[in-house]
Amino acid sequence: MMRLPKFAYLVPRTLGDAVRMMGDAGPSGQFVAGGTDLYPNMKRRQQTPRTIISVGRIPELHRIEGDGKEGLRIGAGVSLTEIVEHPIINRDYPFVARAARTISTPTLRNMGTVGGNLLLDTRCNYYDQNYEWRKGINFCLKKDGDVCWVAPGSEKCWAVQSADLVPLMVAIGARLRLVSTVGDRTVEARGFYNDDGIDYLHKRPDELLAEIQLPPANGWRAVYKKLRRRGAFDFPVLGVAARLDLDADGSVKDARIVLGGIAPAPMEVEAAALALVGNPLDGERMRAAAEACYLKARPLDNTDHLMNYRKQMARPFVLRALQELAEGRRQ
Ligand SMILES: Cc1cc2nc3c(=O)[nH]c(=O)nc-3n(C[C@H](O)[C@H](O)[C@H](O)COP(=O)(O)OP(=O)(O)OC[C@H]3O[C@@H](n4cnc5c(N)ncnc54)[C@H](O)[C@@H]3O)c2cc1C
Ligand code: SF4
């Protein structure tokens, strides 16, 4: 049985206390929300913080405020189950509720939070193993070793961005509010993820994610599609998030298509947007956008399913996503 290592556990009741405790803990401190990712990682000694600061008892992190007219503010500590069930999210941002519903299992969604999802560690078959397994291959670049077993000549880690809400938040233009003892800053989800499996966030370790801000839902529509082996309980090995703004005549005014689960960061495919913008949302344009995503997707062999299969599946998944958006418009 894998056991957690010893650690100090702190439970602040305010944001100010939380960031002060993190300041005191220094590099050996780490925030925890639901712990559905951090605790298994600690059992496998992938992450070894000595001070854990829980964000679970901070009331500000559990609020959902606003609506589709003014934009929605979701506290980072809101559970995935609350996202799935929340009436305003279901009414004004149903694609967010649907994407959250694809994450793991009901039990894990009760514990797991939206903030933990957006900050989820990257994943790799050579890394998400217990300590003895990893020791058996002399570890790897991401933790304790000096070679990448996926791309042995590479100085970069290719562990995969595997959180379902990430490509969707990038596609819809969400913003993230980060708090630390140094102050507050709000950043676009779009520029927040770094294409490096080790250093995968443009965020300092002492910054606490306080809030996710969704833009007003004024006419645009969005969708998320997920490829996984089973219908439940599996991480995405390809995720497609698409957002479209349509003109009154049905032509595409703006588009953003983002692929997840195939690289260390969510991958926006500009060529796919270019194929759509200024044109009617017809079969030819949708196929061109799907082809652009297929060409850009270059998954590596470090998750479930063959990498070539994951690349091939980019075409039908993008096509399905766009067809769903086109059909939604006619309803
Ligand atoms: C069996 C299994 C299946 C899973 N399947 C999926 C899946 O299909 N799709 C998917 O996306 N995920 C999946 N997950 C991963 C995980 O359950 C979810 O991503 C969940 O949303 C993580 O949230 P959490 O609150 O538990 O995060 P935690 O484990 O508490 O934290 C995750 C990371 O975020 C940091 N963190 C958390 N909150 C904050 C904050 N407010 N500020 C700063 N840092 C913070 C932690 O330090 C840690 O680094 C699965 C997990 C398991 C065990
Ligand atoms: S991509 Fe390479 S360095 Fe990164 S976790 Fe996998 S084997 Fe390790």
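This short talk walks through the ligand site, the open and closed spaces, and some strand pairings of one protein model.

Hi everyone. Before we start, please keep in mind that this is a predicted model.

Let's begin with ligand 1. Which residues come nearest to ligand 1? There are 32 residues around ligand 1, and the nearest are Phe31, Gly35, Thr36, Thr113 and Asp164. If you sort that shell by class, you get 16 nonpolar, 11 polar and five charged residues.

Now look for the polar contacts. Find Thr113 again: one of its polar side-chain atoms sits 2.7 Å from an oxygen atom of ligand 1. At Ala33, the backbone does the job, with a polar atom 2.8 Å from an oxygen of ligand 1. At Gln30, an N or O atom of the side chain is 3.1 Å from an oxygen atom of the ligand. How much of ligand 1 does the protein cover? On its own, ligand 1 has 970 Å² of accessible area, and the protein covers 92% of that.

Where in the fold does this shell come from? Three elements each supply at least two residues: β2 (29-32), α7 (114-118) and β8 (208-214). Of the elements, β2 gives the most, with three residues.

Next, a pocket. The second largest pocket has a volume of about 280 Å³. Its lining has 14 residues, and those nearest its centre are Pro94, Phe95, Arg98, Arg221 and Ala222. Four elements each bring at least two residues to this lining: α4 (87-92), α5 (94-101), β9 (221-227) and α12 (307-330). By class, the lining of this pocket has six nonpolar, three polar and five charged residues.

Now for the closed spaces. How many cavities of 30 Å³ or more turn up in the whole structure? The search finds two. The largest cavity holds about 90 Å³ of space. It is lined by 14 residues, and here is something fun to spot on your screen: the closest to its centre are Cys124, Cys140, Cys148, Val150 and Cys157. That lining divides into 12 nonpolar residues, one polar and one charged.

The second largest cavity has a volume of about 60 Å³. Of its 15 lining residues, Leu120, Gln161, Ser162, Tyr193 and Tyr200 are the closest to the centre. This lining has 10 nonpolar, four polar and one charged residues.

Let's finish with strands. As a reminder, strands of a sheet pair through backbone hydrogen bonds, either parallel or antiparallel.

Start with β4 (residues 64-67) and β5 (residues 71-75), which run antiparallel and are joined by four bridges. The two form a hairpin with three residues between them. To find your place, look for Gly66, which stands opposite Leu72 in β5.

Then there is an open sheet of four strands, in the order β9-β10-β11-β12, with antiparallel pairing. Why do β9 and β12 (267-268) each have one side without a neighbour in the sheet? Both stand at the edges with a single partner strand each, so one side is left free of a neighbour there. You have met β9 already, as one of the elements that line the second largest pocket.

Inside that sheet, β10 (residues 238-246) and β11 (residues 252-260) pair in the antiparallel sense over eight bridges. One pair to click on is Leu246 with its bridge partner in β11, Val252.

That's my tour, and thanks for listening!

Note on methods
Residues numbered from 1 in each chain as written. Chains lettered and ligands numbered in written order. Predicted model: local features only at pLDDT ≥ 70, side-chain atom pairs only at ≥ 80, totals over all residues. Heavy atoms only, no water. 1 Å grid on protein atoms, 1.4 Å probe; cavity = no way out; pocket = protein on both sides within 12 Å on 5 of 7 lines; lining within 4 Å. Points joined across faces, edges and corners; volume = space filled by probe spheres on them. Nonpolar A, V, L, I, M, F, W, Y, C, P; charged D, E, K, R; others polar. Near = heavy atom within 4 Å. Polar contact = N/O pair within 3.5 Å; in protein donor to acceptor, adjacent residues only side chain to side chain. Areas by Shrake-Rupley, 256 points an atom, 1.4 Å probe, with all protein chains shown as cover. Pairing = 2+ DSSP bridges.
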